[in-house]
Amino acid sequence: MSLPHAILGFLNVMPMTGYDLKTQAFDRSVAHFWPAVQPQIYRDLARLEAAGHVRSETEVQRGKPNRRVYHITPAGRAELDRWLRTTPAVPGHREPFLIQLFFGAGLTNSELTALLQAQRAGHQARLDALQAVTIPPPAPAEVRRQTLTRLTLDLGLHLERAYLNWLDDALRTVAALDPAPAPAPMTDTDA
């Protein structure tokens, strides 16, 4: 499972709270390919702590609630190292929109166009968000890590651009389609 290993990876960089993992780590760096929600993060932190891969300590704050800060343990580093050396399976691809399009022959061209345009707007927003990500010039000790970070961002940019190109082609294709036939009326035998 990758989420616990992503948590270990972030904690290997620096200790963090569950909130920091969500807002400073996942949301600002890997959300375009590995989004995480707060409850998942806390569940996996508890499992990682029970397994001895992380430890936590309470950081007392004045005027604010106390913080529970998580640290990776030597066992957690060993597990992260083991996982990094495994070859993951190529993931399957599920996309509800493509199922709609696949079975959409009964929709009008206007309805298909509206679906395609909504997808286009969503992918354009994702591309805009990825283009807004800034990766600062790395310090000499960070060149390797920053280069790998850049590669993951580059894939996100390429995927969104490719999706937008495909959507533009799909919009042109739908515009050239003959109108959909009117659906046949239901009969008593259809019920």
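This dialogue explains how to read several features of a predicted model.

Reader: What should be known about the model before its features are read?

Author: The model is predicted: local features need pLDDT of at least 70, side-chain atom pairs count only at pLDDT 80 or more, and totals for chains, interfaces and linings use all residues. Residues are numbered from 1 along each chain as its sequence is written, and side-chain values use heavy atoms, with hydrogens and water left out.

Reader: How are strands and helices identified, and in what order do the strands form the sheet?

Author: Helices (H or I, at least four residues) and strands (E, at least two) are DSSP runs, numbered from the N terminus. Strands of a sheet pair through backbone hydrogen bonds, in either a parallel or an antiparallel manner. Two strands are counted as paired if DSSP finds at least two bridges between them. In this structure, three strands form an open sheet in the order β1-β3-β2, with antiparallel pairing. The edges are held by β1 (16-17) and β2 (54-59), each with a single partner strand, so one side of each has no neighbour in the sheet.

Reader: How many bridges join β2 and β3, and how many join β1 to β3?

Author: Six bridges pair β2 with β3 in the antiparallel sense. Val-54 stands opposite Ile-72 in β3, and Glu-59 has Arg-67 in β3 as its bridge partner. Two bridges join β1 to β3, again in antiparallel fashion; Thr-17 stands opposite Val-69 in β3.

Reader: Which helix packs on the sheet that β2 and β3 help to form?

Author: The pairing of β2 and β3 is antiparallel. Helix α1 (residues 2-13) packs on the sheet and touches β1, β2 and β3. Contact means heavy atoms within 4.5 Å. The direction of α1 makes about 95 degrees with that of β3. Axes are lines fitted to C-alpha atoms, for helices over the stretch in contact, and angles run from 0 to 180 degrees between N-to-C directions.

Reader: What is a salt bridge, and how many are counted here?

Author: A salt bridge is a side-chain nitrogen of Lys or Arg within 4 Å of a carboxyl oxygen of Asp or Glu. By this rule the model has 13 salt bridges. In one of them, Arg-68 is paired with Glu-49, and the closest N and O atoms are 2.8 Å apart. This pair links distant parts of the chain, 19 residues apart: Arg-68 is in strand β3 (residues 67-72) and Glu-49 in helix α3 (residues 38-50).

Reader: Which salt bridge has both residues in helix α4?

Author: Arg-82 and Glu-79 both lie in helix α4 (residues 74-84), three residues apart, which is about one turn of the helix. Their side chains meet in a salt bridge of 2.6 Å, N to O. Another salt bridge joins the side chains of Arg-55 and Glu-57, at 3.8 Å from N to O. In addition, a network of salt bridges links Asp-20, Glu-59 and Arg-67.

Reader: Are Arg-82 and Glu-79 buried or exposed?

Author: Buried means under 20% relative accessible area, exposed over 50%, and partly exposed in between (1.4 Å probe, protein chains only). Glu-79 is buried because its relative accessible area is 17%, whereas Arg-82, with 43%, is partly exposed. Arg-68 is partly exposed at 44% relative accessibility, and Glu-49 is partly exposed at 24%.

Reader: Which residues make a nonpolar surface patch?

Author: Patches are made of residues with over 30% relative accessible area and no salt bridge; like charges are joined within 9 Å, and nonpolar side chains (Val, Leu, Ile, Met, Phe, Trp, Tyr) within 5 Å. Accessible areas come from the Shrake-Rupley method with a 1.4 Å probe; for residues, only the protein chains shown count as cover. Ile-99, Phe-102 and Phe-103 make a nonpolar surface patch of about 400 Å². Phe-102 lies in helix α5 (residues 96-102) and is exposed, because its relative accessible area is 64%.

Reader: Which residues does Thr-152 contact, leaving aside its neighbours within four places in sequence?

Author: With those neighbours left aside, Thr-152 is in contact with His-32 and Phe-33. Thr-152 is in helix α7 and is partly exposed, with a relative accessible area of 29%. Thr-152 and His-32 are 120 residues apart in sequence and 9.0 Å apart in space, C-alpha to C-alpha.
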